[in-house]
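Please walk through this protein with the model open beside the text. The route goes from charged pairs to the nonpolar cores, and then to some local features of the backbone.

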Amino acid sequence: MAGTAAAGGRPPRVSMQEHMAIDVSPGPIQPIRLISHYFPHFYPLTEPTLHPPDQRPAAASTIRSAPQPQPDPEPERDSDDSTALATLEFTLLFDADNSALHCTAHRAKGLKPLASGSVDTYVKANLLPGNSKASQLRTRTIRGTRVPVWEETLTYHGFTRQDAVCKTLRLCVCEDPWLRRRRRAPPLGELQVPLRKLVPNRARSFNIYLEKRRLAKRPKSLDTARGMSLYEEEVETEVAWEEHGRVLLSLCYSSQRGGLLVGVLRCVHLAPMDANGYSDPFVRLFLHPNAGKKSKFKTSVRRKTLNPEFNEEFFYSGPREELAQKTLLVSVWDYDLGTADDFIGGVQLGSHASGERLRHWLECLGHSDHRLELWHPLDSKPVQLSN
């Protein structure tokens, strides 16, 4: 039997179980007075000293009966199945008179950082469906707090009643990217608000729980692509809508100068034409038919933007009756150095137009010294004018 002396004066043998015996009771490891009491050493020239069999269980029972300190309980956290993260307070106002949507981000509460304890956050807004970069706006970054207060207003220009019916506003609370090693880290939380619930010219306040961004699995045909993630953001699969954008034009027939004043104010939601996901847009104007050199104008170039602001005005001289028989062609282009410019979209105003374009042209010529501003969606193909 293990632990007893063998016949012939041979030293007693210790079983492997006794040799490797350790206390496996749960809890933190208690200090041991003499480690050799539980891990005996054997030497070839000396006889090992064995403790009586009843001492080790007594020592073990003593250790088990000793009160053990309990670790401090960890703070409660949401499980992986939980989707409620924090709350975001914001206000929406649809300014129907000026065709604008104002989103004021007030504050967030209960944010949970992805890694570190401090949070440097900002709010990012997108209009869906549509080009994500063209409709992306963001607030400034508030650093070092889990209860950030922004009190900043983001404005979408060119927002019409039709947009309010079919579009949704997505708001994301994100960590500042310069603190993240991952380039496309998920946001801390997001929410979506259908804009059809808004009443024109009436502000509405919200206090809504943020949710985790859902990931959708890629198609099987893409699973084997090397270096490609098997999951992609569900919201990024939205089909692009109105990808060519809109332009805000002002028309005014000046009776003092005897001609037409055409103002190119701004463009929104333009299609990206460059590899960086942006464009370098500018606008060309052409009054047809007109043989003079003053029939063509163009604005300055705005670098790396999909929502350029121009605020430039051009003048076409001529009597009102003559201008009524002409056509004004407005086209938006992407400037490329050393190569041909890329066409983004265009709009045609004149007697041959229809809908809002025809109404804009006729009201301008019918009321002298009255400036009329109107948003026009851009067509994807250039207009072919006949001689």
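**Salt bridges, cores and backbone**

Across the whole structure, a search finds 15 salt bridges. The structure is a predicted model, and the distances and angles below are computed from it.

One of these salt bridges joins arginine 140 to glutamate 152, with the closest N and O atoms 3.3 Å apart. Arginine 140 sits in the loop between β4 (137-138) and β5, while glutamate 152 belongs to strand β5, so the pair links parts of the chain twelve residues apart. Arginine 140 is partly exposed at a relative accessible area of 41%, and glutamate 152 is also classed as partly exposed, at 21%.

The loop between β4 and β5 takes part in another salt bridge, through arginine 143. Its partner is aspartate 176, and the closest N and O atoms are 3.3 Å apart. Aspartate 176 lies in the loop between β6 and β7, so this salt bridge ties together parts that are 33 residues apart in sequence. Aspartate 176 is buried, with a relative accessible area of 7%, whereas arginine 143 is partly exposed at 46%.

A salt bridge can also lie within one helix. Arginine 359 and glutamate 363 meet in this way, at 3.1 Å from N to O. Both are in helix α6, and because they are four residues apart there, about one helical turn separates them. Arginine 359 is partly exposed, with 34% relative accessible area, as is glutamate 363, with 30%. Elsewhere, salt bridges link Glu89, Arg107, Lys109 and Glu151 into a network.

Helix α6 spans residues 356-366, and its buried residues are Arg357, His360, Trp361, Cys364 and Leu365. These residues cover an arc of only 115 degrees around the axis, and therefore they lie on the same side of α6.

The loop that runs from α6 to β18 (372-377) contains aspartate 369. This aspartate is partly exposed, with a relative accessible area of 47%. The C-alpha atoms of aspartate 369 and leucine 251 are 9.6 Å apart, although 118 residues separate the two in sequence. Leaving out residues up to four places away in sequence, aspartate 369 touches Cys252, Tyr253, Ser254, Ser255 and Gln256.

Next come the nonpolar residues. In soluble globular proteins, nonpolar side chains tend to be buried together. Here the largest nonpolar core has 29 residues, and Leu88, Leu92, Leu169 and Leu171 have the most contacts inside it. Two or more residues of this core come from each of β1 (87-95), β2 (100-109), β3 (121-128), β5 (149-157), β6 (168-175) and β7 (189-194). Apart from this core lies another, of 27 residues, among them Leu270, Ala271, Val283 and Leu323.

Leucine 88 shows how parts of the sequence come together. Beyond its neighbours within four places in sequence, leucine 88 is in contact with Arg107, Ala108, Val123, Trp150, Leu171, Val173, Leu191, Phe206, Asn207, Ile208 and Leu210. For the protein chain as a whole, 64% of the contacts with a separation of 6 or more are between residues 24 or more positions apart. The protein chain contains six helices and 18 strands, and 38% of its 387 residues are buried.

What is the nearest side chain of opposite charge to aspartate 336? It is arginine 303, 7.8 Å away, and aspartate 336 is buried yet has no salt bridge. Aspartate 336 is in the loop between β16 (327-334) and β17 (342-350). Residues up to four places away in sequence aside, aspartate 336 touches Asp274, Asp341 and Asp342.

The backbone is the last stop. Most residues other than glycine have a negative phi, and most peptide bonds are trans. Leucine 128 and proline 129 are joined by a cis peptide bond, with omega about -10 degrees, and proline 129 is in the loop between β3 and β4. Another cis bond runs from histidine 288 to proline 289, with omega near -10 degrees; proline 289 lies in the loop between β13 (281-288) and β14 (296-298).

Lysine 304 is not a glycine but has a positive phi of about 50 degrees. Lysine 304 lies in the loop between β14 and β15 (309-317) and is exposed, with a relative accessible area of 52%. Asparagine 311, also not a glycine, has a positive phi of about 55 degrees. Asparagine 311 is placed in strand β15 and is partly exposed, at 49% relative accessible area.

Definitions and conventions:
Residues are numbered from 1 along each chain as its sequence is written. This is a predicted model: local features need pLDDT of at least 70, side-chain atom pairs count only at pLDDT 80 or more; totals for chains, interfaces and linings use all residues. Side-chain values use heavy atoms; hydrogens and water are left out. A nonpolar core is a set of buried Ala, Val, Leu, Ile, Met, Phe, Trp, Tyr and Cys residues joined through side-chain atoms within 4.5 Å. Buried means under 20% relative accessible area, exposed over 50%, partly exposed in between (1.4 Å probe, protein chains only). Contact means heavy atoms within 4.5 Å. Lys and Arg count as positive and Asp and Glu as negative; His and the chain ends are not counted. A salt bridge is a side-chain nitrogen of Lys or Arg within 4 Å of a carboxyl oxygen of Asp or Glu. The arc is that of the directions from the helix axis to the C-beta atoms.
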